[in-house]
Amino acid sequence: MLSGNKRLAGNFRYFFLFVLWLTSVAFGQLPRHIIAPHAGVACAEINAARVGIQILQQGGNAMDAMIAVGFAMAVTYPRAGNIGGGGFILYRDARTGKVSAFDFREVAPAAARYDMYWRADGTPDPQKSRLGALAVGVPGTVRGLALAHKRFGTFSWERLLQPAIELARYGFVVDSFLYRSLENRRERFQQFPESFRIFFPNGQPPRPGTLFIQKDLAITLEQIAREGPDAFYTGEIAAKIVEGLKKHGGIISLDDLRNYRAKEREPIKFTYRGYTIYSMPPPSSGGLTLQGILKTLETFPLHQFEHNGADYMALVSEVEKQWYAKRNLYLGDPDFVKIPFHLFSSPEVIHQIASRIDPRRPVNSREMPEYNQIRQQESTHTTHISIVDAHGNAAAMTYTLNGSYGSFLVAGGTGILFNNEMDDFSTRPGHPNMYGLVQGWANAIEPGKRMLSSMTPTIVVRDDQLVGVLGTPGGSTIITSVLQVLLNKIDFHMPLSQAVEKGRFHQQWIPDSIAYEKDRFDPDVLQELQRRGFGLMPYSKIGDIQAIWKTDAGWEISSDPRRSGYPIGY
Ligand code: DON
């Protein structure tokens, strides 16, 4: 009997390896860039992309598809897809041409204090702001998707949640990305028994090629479908969340959940070489920082530079440095701090910055005035989804738990994985956060305040026609990744596939070096930069762009080959 079982196990192992091989072959053949005549979805997980396309083909608009994909990814892409986190949506209504921005960023609980993560010696304790219940900001995703649905949805709320419920209840086929990413984080999951039970059934992550079922999450999603967002913020789920987090030392209260509001805001809008760019306003720093950088670069004849050559990298990174310093010093939640919007569009400031740039030698970050006023690398995850429907409506959503799997905490029998977004605040002004960002008091912790984000969902329009939709994860590198795809398209006229695949670099003021993707840059260029005194920091990969761009044949749709997504269109 025993040996029979063993044989069965042996055969099963071969079968499993066969399925694994088959899956990887099948996935290997799927293209990362496609052309679709009518509509399409670019996102980081294929089951969710399928959900989006089905909604579009059934006659739903881009917002319907976005809501369905958003809920589906909370099931199929748990490292960043979520209902326990927050994010931003930008939506362009083709009928009116108006672009709307939805802010469902998490907020600090009422009991949060600016020094809540400080050790006795005054330095911030990153463990506390990154792992477990104290790291959790009051989640915004469910209210955000509900607000977006109320404004632009055409299908019923229940119908849009149905695919996610089915994926959670009946399972979906796991790929090797999910398997490996869970296995790599075994130790952190082990600290939270409820999370470990869900993501390591039988002590192992679900194997590639097998089904992954999430029963608790299915029940939670069914309640949200039936009762609407109030189930999450005032109903039974709220009670379970508060109770569950409290057991782990959390401080989120029923009042925090009840008081949470998603907000519609005025998007950041500016022109760049004849294109109109729409992006996210504070509490994301994305739109304003992108605006400052692009308006400064607009004063240079960029197309005359060698793409990713030494002069180009020096110029772009020096401009980035100047605007990240302003970002880090001035930006925060607009409901708490006064945002100097004019600074990011003022021709005088832009001229002043442009005239200070010298590609032959870097400015020393620590000698910039912002430094005195303020006085890792672990793979993290957020995710972006771009959708265009057959009517030309466009939706761009970036949402996140912050780090991969957020706080690693699932609590209260809800099946919900909670964010660790509190680390996006300056947990101690002047000290670096998870992304090495050194930020000021404008982004210090206050009860009910939104932590500053870099998420940059972006929509591009020309002559009142939709041209592009894009965004990416990557923490502080989000803004510069979106920037480079825009430059590659607008200044260098690359097809989207190339614009996405080109090597990326990034400068965020502090640290005072250019981060660049290993093996994607000419060693002579890097050497030349070093000779000029630029610091260099190799990274394995920067970003996971999900983008759609207009072409003569319809839409070019790209899911960044750096990670796990495959685009779908029709
Ligand atoms: O809002 C932000 O800027 C961060 N929480 C985003 C995190 C992120 O992109 C992680 N992904 N790689």
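1. In what follows, Ala, Val, Leu, Ile, Met, Phe, Trp, Tyr, Cys and Pro count as nonpolar, Asp, Glu, Lys and Arg as charged, and the others, Gly among them, as polar. On that basis, the shell around the ligand in this predicted model divides into 4 nonpolar, 8 polar and 3 charged residues.

2. The surroundings of the ligand comprise 15 residues. Those that come nearest are Thr382, Glu421, Asp424, Ser453 and Gly475.

3. Polar contacts of the ligand involve both side chains and backbone. A nitrogen atom of the ligand lies 2.5 Å from an N or O atom in the side chain of aspartate 424, a residue also listed among the nearest. An oxygen atom of the ligand is found 3.0 Å from an N or O atom in the side chain of arginine 105. For glycine 474, a polar backbone atom is 3.0 Å from an oxygen atom of the ligand. On its own, the ligand has 340 Å² of accessible area, and the protein covers 97% of this.

4. As to location, the ligand sits in the largest cavity.

5. Two peptide bonds that precede proline deserve a comment on geometry. As background, most peptide bonds are trans. The bond from proline 282 to proline 283 is cis, and its omega is near 20 degrees. Proline 283 belongs to the loop that runs between strand S9 (275-279) and helix H14 (286-297). The bond from isoleucine 510 to proline 511 is likewise cis, with omega near 0 degrees. Proline 511 is placed in the loop between strand S14 (505-506) and strand S15 (513-517).

6. Backbone phi values form a further point. In general, most residues other than glycine have a negative phi. Arginine 273 has a positive phi, near 45 degrees, and is not a glycine. This arginine 273 lies in the loop between strand S8 (268-272) and S9. Its relative accessibility is 28%, and arginine 273 therefore counts as partly exposed, that class lying between the 20% and 50% limits.

7. Tryptophan 509 also has a positive phi without being a glycine, the value being about 80 degrees. Its place is in the loop between S14 and S15, where proline 511 is also found. Is tryptophan 509 buried or exposed? The relative accessibility of tryptophan 509 is 0%, so this residue counts as buried, the limit for that class being under 20%.

How values were computed: Residues numbered from 1 in each chain as written. Predicted model: local features only at pLDDT ≥ 70, side-chain atom pairs only at ≥ 80, totals over all residues. Heavy atoms only, no water. Near = heavy atom within 4 Å. Polar contact = N/O pair within 3.5 Å; in protein donor to acceptor, adjacent residues only side chain to side chain. Areas by Shrake-Rupley, 256 points an atom, 1.4 Å probe, with all protein chains shown as cover. 1 Å grid on protein atoms, 1.4 Å probe; cavity = no way out; pocket = protein on both sides within 12 Å on 5 of 7 lines; lining within 4 Å. Sits in = over half its atoms within 2 Å of the grid points. Helix = DSSP H or I, 4+ residues; strand = E, 2+ residues; numbered from the N terminus. Buried < 20%, exposed > 50% of the residue type's maximum accessible area, 1.4 Å probe, protein only.
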